[in-house]
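This report is intended for a reader meeting the structure for the first time. Please keep the sequence and the model at hand while reading.

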Amino acid sequence: MIWPYLTHLLILIGIYVILTVSLNLALGYTGLLNLGHVAFFGIGAYTSALLTKAGVPFLLAFIIAGIFASIFGYLLVLATRKLKGDYLALATLGFSFVIYSLMLNWTGLTRGPLGIPGIEKPSFFGLTISSTYSYLIFVAVICILSVFVIYRIVKSPFGRLLEATRDDEMGLRVLGKNTFKLKYKAMMISAFFAGIAGSLFAHYITYIDPSYFTIPEIILLLSIVIVGGIASIKGSIVSTFVILLIPEALRFLALSSSILGPARQVIYAMILLGILLLRPRGIFGRVDLE
Amino acid sequence: MSLLAQLTVNGLIAGAIYALVAAGFSLIYSTNKFMHFAHGISVVVGAYILYSLFSLIGIPFYLACILTLIFSSLFGLGTYRLMYLPLQNKKASNVVLLIASIGVLILFQNVIQLIFGPDVKSVGYIKVARGLNVFGAIITPLQIVIILISITLFVLLYLFMKKSKLGRDMRAVSDNKELASIMGINHKRIADYSFIIGSFLAGVAGILIGLEQNLNPTMGTILIIKGFTGAVIGGVGFIPGAVLGSFLLGLAENFSIWFLPSGYKDAIAFVLLFIFLLLKPTGLFGINKDVKK
């Protein structure tokens with residue numbers, strides 16, 4: 001009884017680790033105040049679901065989901081390149097609202113609030129991932145690969161340039177670096193991983209609708225990244241485990257699902273407000289959010 | 001012709017509500033220079049307080065309204081004193097304050113949902129009345145009251161900001177906080193008052209929404225997005241601009257159904273918000289030095 005449930009939790013944690021570590025690449029390491037990360041997640045989920053429905057093989061749809069999200073990442077940085085601080089944050093939030101309303105209203109493509117049911121389980125090289133255990137292994141492999149790639153990126157000379165962009169953009173420009181290029185590259189990588197996380201999510205729960213990709217989701221992602229620490233991959237991973245597991249304690253109280261949902265949101269919001277008041281750079285964080 | 005009149009009337013009613021939200025938001029922004037996104041939940045808290053006092057407990061309507069307004073003002077003051085002020089004392093950046101305000105919005109939205117449940121509630125003070133016919137448009141007496149109350153409040157707010165000592169102090173802090181404190185204006189006191197007055201306006205919006213439509217806990221998010229979009233269109237820190245921008249938004253939304261499916265009505269605000277933030281973050285009438293600092 002407990003094992004299938006634990007597997008389910010671990011799959012979600014794996015998907016969220018990809019999401020939060022990639023958000024930290026943009027938000028923490030590069031200083032791009034992106035409150036619209038959930039939009040990339042949604043774009044990835046819808047792209048992959050719709051493509052496989054149209055007969056595209058899973059592996060191809062999975063990659064295209066990432067690439068498609070990453071194109072939007074480029075466009076977002078291009079459009080917002082002149083904004084700073086809270087205006088940038090709000091524009092990215094506005095971007096996620098625009099994507100959300102497209103999912104909701106472009107009914108010809110997305111079926112709007114009805115969502116897309118019956119998304120097939122991934123199959124490639126002749127094997128189909130149908131059981132949750134094998135899905136866990138699949139997610140774990142993708143998750144470890146993603147974290148490894150992002151880890152190598154932030155430790156590389158390119159990663160140092162990203163951190164320099166965050167700390168002293170003007171100084172870096174004086175040294176002749178094109179900071180716009182650095183920013184959109186970082187955002188594109190970040191969005192790519194959010195996109196593939198979206199694909200993993202869509203094919204795991206096999207049903208998506210626009211309500212998965214709204215403000216409460218943004219609060220959850222921000223809580224995880226900020227609690228774990230700004231510009232800390234280790235922090236994001238640890239914090240994903242902790243924050244996703246905390247509300248599970250509510251399950252033992254046998255609450256009805258109409259209470260469980262809001263109660264979980266209350267917990268996430270209180271964690272976010274608490275960490276902002278107590279230690280705004282997070283537990284393993286190295287820099288402040290500016 | 002009657003369609004034109006009806007869309008105009010609908011646009012003005014929507015605009016009046018958005019403008020009440022935007023005016024309070026903009027007042028708070030102008031003196032504090034950060035985005036009080038949780039302003040949306042002040043409106044919802046107001047509406048649910050009215051529902052509890054009047055519909056559940058049965059307190060006389062006008063007394064319930066006064067209590068609602070007092071409570072909303074205190075709620076706004078509370079968010080400032082308990083959340084934003086401690087953060088400001090820790091030298092938190094505007095982005096941290098923005099994230100905190102979204103956190104407050106989601107927190108209370110779910111607290112309301114836990115207390116009252118997710119289903120819609122209705123205050124039910126005003127029985128459905130027969131609409132009046134004005135130039136071919138149907139408008140209910142309540143809707144006329146909504147437009148009149150909001151316009152009266154905007155005139156009073158304008159006079160208050162222009163003529164009263166407190167209003168002038170607020171504009172001084174808004175213009176230059178350092179200089180204002182040198183002149184002996186206590187900016188923390190001004191911040192208190194801006195939250196009280198701004199949230200009072202949110203309370204008025206909450207009451208009017210409670211009378212006009214059904215309540216649900218998640219309406220705060222959409223309301224603050226509308227109010228905020230109105231404020232951005234007109235100029236965030238400039239209250240008359242925010243009010244005009246909100247009326248423009250209300251009209252734009254309602255006229256959009258001429259050429260777009262009605263499902264896109266809410267999307268209009270998102271798209272306008274995004275376009276204005278990117279192309280003209282100072283808004284149509286605003287002067288704002290902080291956008292690209």
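## A:Arg264 and its surroundings

A:Arg264 is partly exposed, since its relative accessible area is 22%; here buried means under 20% relative accessible area, exposed over 50%, and partly exposed in between, with a 1.4 Å probe and protein chains only. The residue belongs to helix α12 (residues 257–278) of chain A. Helices (H or I, at least four residues) and strands (E, at least two) are DSSP runs, numbered from the N terminus. Beyond residues up to four places away in sequence, A:Arg264 touches A:Pro247, A:Glu248, A:Leu250 and A:Arg251, where contact means heavy atoms within 4.5 Å. From C-alpha to C-alpha, A:Arg264 and A:Leu244 lie 9.6 Å apart, with their positions 20 residues apart in sequence.

A salt bridge joins the side chains of A:Arg264 and A:Glu248 at 3.7 Å, N to O. This pair ties together parts that are 16 residues apart in sequence, because A:Arg264 lies in helix α12 of chain A and A:Glu248 in the loop between α11 (233–245) and α12. A:Glu248 counts as buried, at 10% relative accessibility.

## Basis of the model

The model is predicted: local features need pLDDT of at least 70, side-chain atom pairs count only at pLDDT 80 or more, and totals for chains, interfaces and linings use all residues. Residues are numbered from 1 along each chain as its sequence is written, chains are lettered from A and ligands numbered from 1 in the order in which they are written, and side-chain values use heavy atoms, leaving out hydrogens and water.

## Other salt bridges

Over all chains, the structure holds 10 salt bridges, each defined as a side-chain nitrogen of Lys or Arg within 4 Å of a carboxyl oxygen of Asp or Glu. One of them pairs A:Arg173 with A:Glu169, whose closest N and O atoms are 3.2 Å apart. These two residues are separated by about one helical turn, because they are four residues apart in helix α8 (residues 169–174) of chain A. A:Arg173 is partly exposed at 45%, whereas A:Glu169 is buried at 16%. In addition, A:Glu163, A:Arg166 and A:Asp167 are linked in a salt-bridge network.

In chain B, the side chains of B:Lys226 and B:Glu253 form a salt bridge of 3.1 Å, N to O. B:Lys226 lies in helix α9 and B:Glu253 in helix α10 of chain B, so the pair connects parts that are 27 residues apart in sequence. B:Lys226 is buried, with a relative accessible area of 4%, and B:Glu253 is buried at 1%.

## B:Ser256

B:Ser256 lies in helix α10 (residues 239–256) of chain B and is buried, at 1% relative accessibility. Leaving aside neighbours within four places in sequence, B:Ser256 contacts B:Lys265 and B:Ile268. The side chain of B:Ser256 also reaches the backbone oxygen of B:Glu253 at 2.6 Å.

## The interface of chains A and B

Contact between the chains involves 41 residues of chain B and 42 residues of chain A. The area buried between them is about 3700 Å², with carbon and sulfur atoms giving 81%; buried area is the accessible area (1.4 Å probe) that two parts lose on being put together, summed over both. B:Val95, B:Ile99 and B:Phe274 supply 15% of the area that chain B buries against chain A, more than any other three residues. The rule finds zero salt bridges across this interface.

How values were computed:
Polar contact = N/O pair within 3.5 Å; in protein donor to acceptor, adjacent residues only side chain to side chain.
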